[in-house]
Amino acid sequence: MKYKSDKDLGLVLCKHCNSVSKVKEKVCRKCKSKLKQRDEYSLVKTFSFTIVAIIFLFPANILPMMEVTTLGVVEANTIFDGIVYFFQTKSYLIAFVIFVASIAVPIFKLVVLLYLLYITKYNKISLAKNATKYYRIIKFIGKWSMLDIFVVALMIVMVQFGNLSNITAGLAAVAFTIVVISTMLATESFDTRTLWDKD
């Protein structure tokens with residue numbers, strides 16, 4: 001693949017307004033943002049946040065997401081229990097939404113982040129174009145990642161009005177929130193310009 005990057009041409013791209021300046025300029029003339037040709041700690045930050053997300057993904061799926069107390073009887077449910085419950089009660093759409101938001105999306109984001117790190121670390125420039133597309137996808141879906149937490153929070157508020165039942169968020173909710181925030185920080189920390197670097 002023959003091309004010249006901003007590093008080759010002595011230019012720097014503003015990540016806020018996408019204007020191009022000369023590398024010696026430290027502030028964007030258009031939007032006044034600070035200019036950096038590369039974020040030198042991009043890989044370290046992305047890798048660190050990705051590892052944190054992978055570690056907390058396990059308790060997020062193993063520990064109870066919420067605990068339901070009815071007439072003194074406590075029942076703990078994991079994310080998977082919730083999916084099975086909604087599937088068995090023929091609430092297929094809710095089961096599908098929880099599966100996508102709680103299991104499929106976090107795993108997809110982590111796989112893409114590891115893929116981006118691999119391409120950047122080993123200079124797989126031929127894969128940079130596809131990697132950039134995947135990066136845009138995980139950045140777009142990142143804002144929907146908290147959907148599962150919102151569902152749990154909504155259920156807690158709704159059930160707290162009843163006298164016989166009580167719902168509290170389980171430890172998985174905390175772990176899942178850490179996963180979501182870590183993947184968002186990992187995505188934001190990644191400098192896509194490094195995908196195109198030849199060295």
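# Notebook: helices, a buried arginine pair and two positive phi values

I began with residues 92–119, where the chain is 100% helix and 0% strand, and where the C-alpha atoms at the two ends stand 38 Å apart. I note at the outset that this is a predicted model, and that every value below is computed from it.

**Annotated stretches.** I looked up the record next: the UniProt annotation "transmembrane region", from an unreviewed entry, covers residues 42–62, 92–119, 140–161 and 167–186. I then checked residues 167–186 in the model, and found 80% helix and 15% strand, with the end C-alpha atoms 32 Å apart.

**The chain as a whole.** I listed the secondary structure and obtained 7 helices and 5 strands, which follow one another from the N terminus as α-β-β-α-β-β-α-α-α-α-β-α. Of the 199 residues in the protein chain, 38% count as buried. I also looked at how far apart in sequence the contacting residues are, and among contacts with a separation of 6 or more, 66% join residues 24 or more positions apart.

**H4 against H5.** I turned to helix packing, for which the angle between the axes and the distance between the axes are the usual description of two packed helices. For helix H4 (residues 92–121) and helix H5 (residues 128–141), the axes come within 10 Å and cross at roughly 145°, and the crossing is left-handed. On the H4 side I noted Val105, Phe108, Lys109, Val112, Leu113, Tyr115, Leu116 and Ile119, which meet Ala131, Tyr134, Tyr135, Ile137, Ile138 and Ile141 of H5. Sorted by class, this contact has 13 nonpolar residues, no polar ones and 1 charged one.

**H4 against H7.** I repeated the look-up for H4 and H7, whose axes come within 11 Å and cross at roughly 35°, again in a left-handed crossing. Here Ala101, Ser102, Pro106, Lys109, Leu110 and Leu113 of H4 meet Phe176, Val179, Thr183, Met184, Ala186 and Thr187 of H7. The residues of this contact divide into 8 nonpolar, 3 polar and 1 charged. I wrote down that Lys109 and Leu113 appear among the H4 residues that meet H5, and that Lys109 and Leu113 are also listed for H4 where it meets H7.

**Arg193.** Is Arg193 buried or exposed? I located Arg193 in the segment after helix H7 (171–189), and its relative accessibility is 10%, so it counts as buried, the cut-off being under 20%. I looked for polar partners of its side chain and found the side chain of Asp191 in polar contact at 2.9 Å, while the backbone oxygen of Gln37 lies 3.5 Å from a polar atom of the Arg193 side chain. Apart from neighbours within four places in sequence, Arg193 is in contact with Asp6, Val12, Leu13, Lys15, Lys36, Gln37, Arg38 and Asp39.

**Arg38.** I followed the contact with Arg38 back to the loop between strand E2 (20–22) and helix H2 (42–62). Arg38 has a relative accessible area of 15% and is therefore buried as well. Not counting residues up to four places away in sequence, Arg38 touches Asp6, Lys7, Asp191, Arg193, Thr194 and Asp197. I noted that Asp6 is listed for Arg38 and is listed for Arg193 too.

**Leu43.** I moved on to Leu43, which is found in helix H2 and, with a relative accessible area of 28%, is partly exposed. Its C-alpha lies 8.2 Å from that of Lys121, although the two residues are 78 apart in sequence. With neighbours within four places left aside, Leu43 is in contact with Leu117, Thr120 and Phe190.

**Positive phi values.** I finished with the backbone, bearing in mind that most residues other than glycine have a negative phi. Which value does phi take at Lys32? I found a positive phi of about 65° at Lys32, which is not a glycine; Lys32 is found in the loop between E2 and H2 and is exposed, with a relative accessible area of 62%. Asn123, which lies in the loop between H4 and H5, has a positive phi near 50° and is likewise a residue other than glycine. At 33% relative accessibility, I entered Asn123 as partly exposed.

Terms used. Residues are numbered from 1 along each chain as its sequence is written. This is a predicted model: local features need pLDDT of at least 70, side-chain atom pairs count only at pLDDT 80 or more; totals for chains, interfaces and linings use all residues. Side-chain values use heavy atoms; hydrogens and water are left out. Helices (H or I, at least four residues) and strands (E, at least two) are DSSP runs, numbered from the N terminus. Buried means under 20% relative accessible area, exposed over 50%, partly exposed in between (1.4 Å probe, protein chains only). A polar contact is a pair of N or O atoms within 3.5 Å; within protein, one must be able to donate a hydrogen and the other to accept it, and residues adjacent in sequence count only if both atoms are side-chain atoms. Contact means heavy atoms within 4.5 Å. Axes are lines fitted to C-alpha atoms, for helices over the stretch in contact, and angles run from 0 to 180 degrees between N-to-C directions. A crossing is left-handed if the near helix is turned anticlockwise from the far one by less than a right angle, and right-handed if clockwise. Ala, Val, Leu, Ile, Met, Phe, Trp, Tyr, Cys and Pro count as nonpolar, Asp, Glu, Lys and Arg as charged, and the others, Gly among them, as polar. UniProt positions are given in the numbering used here, feature names are shortened, and annotations may be inferred rather than shown by experiment.
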